[in-house]
Amino acid sequence: MYNTFFYIIIPYLCLAVFITGTVYGITRGRLAISAPATGFFEKRKLSWGITAWHYAIVIILTGHLLGFLFPKAVMNILSGYKIMFAVEALAFGLGLAAFLGTIILLFRRITEKTVSKNSNFADYFILIILLIQVILGLSTAANYRWGINWYVSHMSGYLKSLITFAPDVSYAAGMPGVVTAHIVTGFLILAVLPFTRLMHLVFVPVGYFFRKPQQIIFHK
């Protein structure tokens with residue numbers, strides 16, 4: 001029942017909320033597909049926080065995606081001890097950068113009055129849940145070595161079983177509690193994404209290639 005609840009029921013509920021929220025947002029024109037321009041209020045902390053967070057999280061997510069799509073190739077590349085150790089050290093460093101970036105962004109949103117005034121509940125909630133997710137990822141990396149190997153050999157199979165609607169929790173059997181929490185939190189982030197301004201991460205990478213050039217005109 002434990003595995004069924006955390007590895008089947010919660011993921012499918014979150015995916016259903018994500019799809020429903022996205023469709024509702026698109027049809028109602030309420031989907032926040034652009035990031036708020038809070039850089040007008042405060043730039044220094046934003047620059048430090050957003051740079052650390054964006055670069056770190058994009059590389060980490062790319063690594064997760066490669067492990068999911070090409071598990072055998074990744075396993076072959078990481079078969080050597082030295083390369084595995086180097087990749088795990090790099091991933092941990094990126095996790096620390098994501099942690100620092102999230103802390104800066106949350107601190108800025110709380111302490112800068114103009115930014116705080118233009119923030120809503122979703123802006124704070126998504127930063128807090130992202131911070132929890134990063135901490136869970138770092139805890140996994142610090143306490144359980146060769147987490148990348150686990151992910152590639154077990155979790156990629158589990159995620160594929162979810163996508164094909166043939167969930168197989170045997171891949172996740174025996175996973176430590178912190179790993180389960182990391183996975184569940186990832187699905188919760190997916191569920192709340194359509195209701196936050198972070199949804200621009202889904203649209204912006206594609207939209208940038210097709211949108212018309214924009215010009216910002218300041219009026220005194």
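# A tour from a buried arginine outward

Begin by selecting Arg109, which is buried, with a relative accessible area of 10%; buried means under 20% relative accessible area, exposed over 50%, and partly exposed in between, with a 1.4 Å probe and protein chains only. The model on screen is predicted, and local features need pLDDT of at least 70, side-chain atom pairs count only at pLDDT 80 or more, and totals for chains, interfaces and linings use all residues. Residues are numbered from 1 along each chain as its sequence is written, and side-chain values use heavy atoms, with hydrogens and water left out.

**The salt bridge**

Keep Arg109 selected and add Asp123, because Asp123 is buried too, with a relative accessible area of 6%. The side chains of these two residues, Asp123 and Arg109, meet in a salt bridge at 3.8 Å, N to O, the term standing for a side-chain nitrogen of Lys or Arg within 4 Å of a carboxyl oxygen of Asp or Glu. The pair links distant parts of the chain, with Asp123 in helix α6 and Arg109 in helix α4 (residues 81–111), 14 residues apart. The structure holds 1 salt bridge.

**The whole chain**

Now zoom out and colour by secondary structure: the chain has 9 helices and 0 strands, where helices (H or I, at least four residues) and strands (E, at least two) are DSSP runs, numbered from the N terminus. Of the 220 residues of the chain, 35% count as buried. Residues 24 or more positions apart account for 83% of the contacts in the chain with a separation of 6 or more, a contact being heavy atoms within 4.5 Å.

**Helix α8**

Select residues 177–192, which are helix α8; its 16 residues, at 1.5 Å a residue, should span 22 Å, and its end C-alpha atoms are 22 Å apart, which agrees. The expected span is 1.5 Å times one less than the number of residues in the helix. Among the buried residues of α8 are Val179, Ile183, Phe187 and Val192, and what covers the buried residues of this helix includes α1, α6 (121–143) and α7 (147–163).

**Aromatic rings**

Show the aromatic side chains next, since the whole structure has 6 aromatic pairs; rings of Phe, Tyr and Trp (its six-membered ring) pair if their centres lie within 6.5 Å, and planes under 30 degrees apart count as stacked, over 60 as edge-to-face and the rest as tilted. The rings of Phe5 and Phe6 have their centres 5.0 Å apart and their planes at 80°, so this pair is edge-to-face. Tyr81 and Phe85, by contrast, form a stacked pair, 6.3 Å centre to centre with 25° between the planes. Both Tyr81 and Phe85 lie in helix α4, 4 residues apart, about one turn of the helix. Tyr81 is exposed at a relative accessible area of 54%, while Phe85, at 45%, is partly exposed. Returning to the start of the chain, Tyr2, Phe5 and Phe6 form one aromatic cluster.

**A nonpolar surface patch**

Finally, select Met1, Phe5, Ile9 and Leu13, which form a nonpolar patch on the surface with about 420 Å² of accessible area together. Patches are made of residues with over 30% relative accessible area and no salt bridge, like charges being joined within 9 Å and nonpolar side chains (Val, Leu, Ile, Met, Phe, Trp, Tyr) within 5 Å, and accessible areas come from the Shrake-Rupley method with a 1.4 Å probe, where for residues only the protein chains shown count as cover. Within the patch, Leu13 lies in helix α1 (residues 2–28) and is exposed, with a relative accessible area of 53%, whereas Phe5, at 35%, counts as partly exposed.
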